[in-house]
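Reader: Before we discuss individual assignments, may I see the sequence and the model together?

Author: They are shown here.

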Amino acid sequence: MTANDTPTGKQPTATYDSAFLKACRREPVPHTPVWFMRQAGRSLPEYRKVREGIPMLESCMRPELVTEITLQPVRRHDVDAAIYFSDIVVPLKAIGLDLDIKPGVGPVVEQPIRTRADLARLRDLTPEDVTYVTESIGMLTRELGATPLIGFAGAPFTLASYLVEGGPSRTYENAKAMMYGDPELWADLLDRLADITAAFLKVQIEAGASAVQLFDSWVGALAPADYRRSVMAASAKVFDAVAGYGVPRIHFGVGTGELLGLMGEAGADVVGVDWRVPLDEAVRRVGPGKALQGNLDPTVLFTDKDTVEARAREVLDAAAGLEGHVFNLGHGVMPNTDPDALTRLVDYVHTHSAR
């Protein structure tokens, strides 16, 4: 089954004919759909208010809070899709790993994964581990109606990097040392993470997510040969595991201009592009049969309205010949972004791209 199919034995869902899902399926759309990575987050004062005093991981496990946060940018910006409020380390926490998200730092792992014996700590994820996800998505889909909900997970390489490094890194020296120096251990680590990730995405899809995005935030640190040799099979395993659901599968990484073709090969229906590669060049690298997502530089939103519109128009013009295009930023919304700038941008893209 591909993203062009309706679910077997089911009538099309309320979201099936949405502009977002049509674009993902490379079908004609009434306007270019828009959503933003990190659209639910620190740029919104209402987000900061409801999260006040609540640790990040705890906030991901409270269904009513997750629902409210996920809905906030849909209400405010009129985006064409919601993205489930969570974090890429949630499934790792759910299987019992000792980790936390420290403000100003990011995920920190108490005991990094460095040896074969450490793999035993990575048990399978079951739906019972994340009942709050099922409950949250059920609440969200009832509220969202015809607006699609995007589920997501961290890709095996990025999760492995956090686990091996013990936290954020600029060099990935421990992770890459394992990848180069102990390729069998590395492959087994990524394979186990692929199973955990696939299980997490299945929970989200079965609860009602209309699409899923695999975030490989750190994979731009790799050369194409290393990606193909040491990472691609694990990402492909994740995409293959959810292919039968027929929901669009989006793949996104940062600094991945040299990897775009391979990321598409891994099994995505939609390839996310950061701001470094124009979309008309990205489509050449990715090849036919894929939609693209992106790719306005997030810092453009700190300029004036005319500049934002001019740069957005450049993105839309570069996407004019694409089979399918979902407008997004080239990375996440920055915390100090003016929310009104995002609202104006959505309106501009909708108006300028109306068919």
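Author: Helices (H or I, at least four residues) and strands (E, at least two) are DSSP runs, numbered from the N terminus. The model is predicted, so local features need pLDDT of at least 70 and side-chain atom pairs count only at pLDDT 80 or more, while totals for chains, interfaces and linings use all residues. Residues are numbered from 1 along each chain as its sequence is written, and side-chain values use heavy atoms, with hydrogens and water left out.

Reader: Which residues form the covered face of strand β2, and which the uncovered one?

Author: In β2 (residues 99–102), Leu99 and Ile101 form the covered face, whereas Asp100 and Lys102 form the uncovered one.

Reader: What makes β2 and β3 a pair of strands?

Author: Two strands pair if DSSP finds at least two bridges between them. Here 4 bridges join β2 to β3 (residues 106–109), and the strands run antiparallel; the criterion is therefore met. Ile101 stands opposite Pro107 of β3. The hairpin has 3 residues between its strands, and Gly104 in that hairpin takes a positive phi near 80°.

Reader: Why is Thr67 called buried?

Author: Buried means under 20% relative accessible area, exposed over 50%, and partly exposed in between (1.4 Å probe, protein chains only). Thr67 has a value of 6%, and is therefore buried. Thr67 belongs to helix α4 (residues 63–77). Leaving aside neighbours within four places in sequence, Thr67 is in contact (heavy atoms within 4.5 Å) with Ser136, Met139 and Leu140.

Reader: How do you know that the side chain of Thr67 has a polar partner in Pro63?

Author: A polar contact is a pair of N or O atoms within 3.5 Å; within protein, one must be able to donate a hydrogen and the other to accept it, and residues adjacent in sequence count only if both atoms are side-chain atoms. A polar atom of the Thr67 side chain lies 2.8 Å from the backbone oxygen of Pro63.

Reader: Why is Asp78 called exposed?

Author: The relative accessible area of Asp78 is 51%, so the residue is exposed. Asp78 is in the loop between α4 and β1 (82–83), and has a positive phi of about 60° although it is not a glycine.

Reader: Is Tyr172 buried or exposed, and why?

Author: Tyr172 has a relative accessible area of 12%, and is therefore buried. Tyr172 lies in the loop between α7 (156–165) and α8 (173–181), with a positive phi near 55°.
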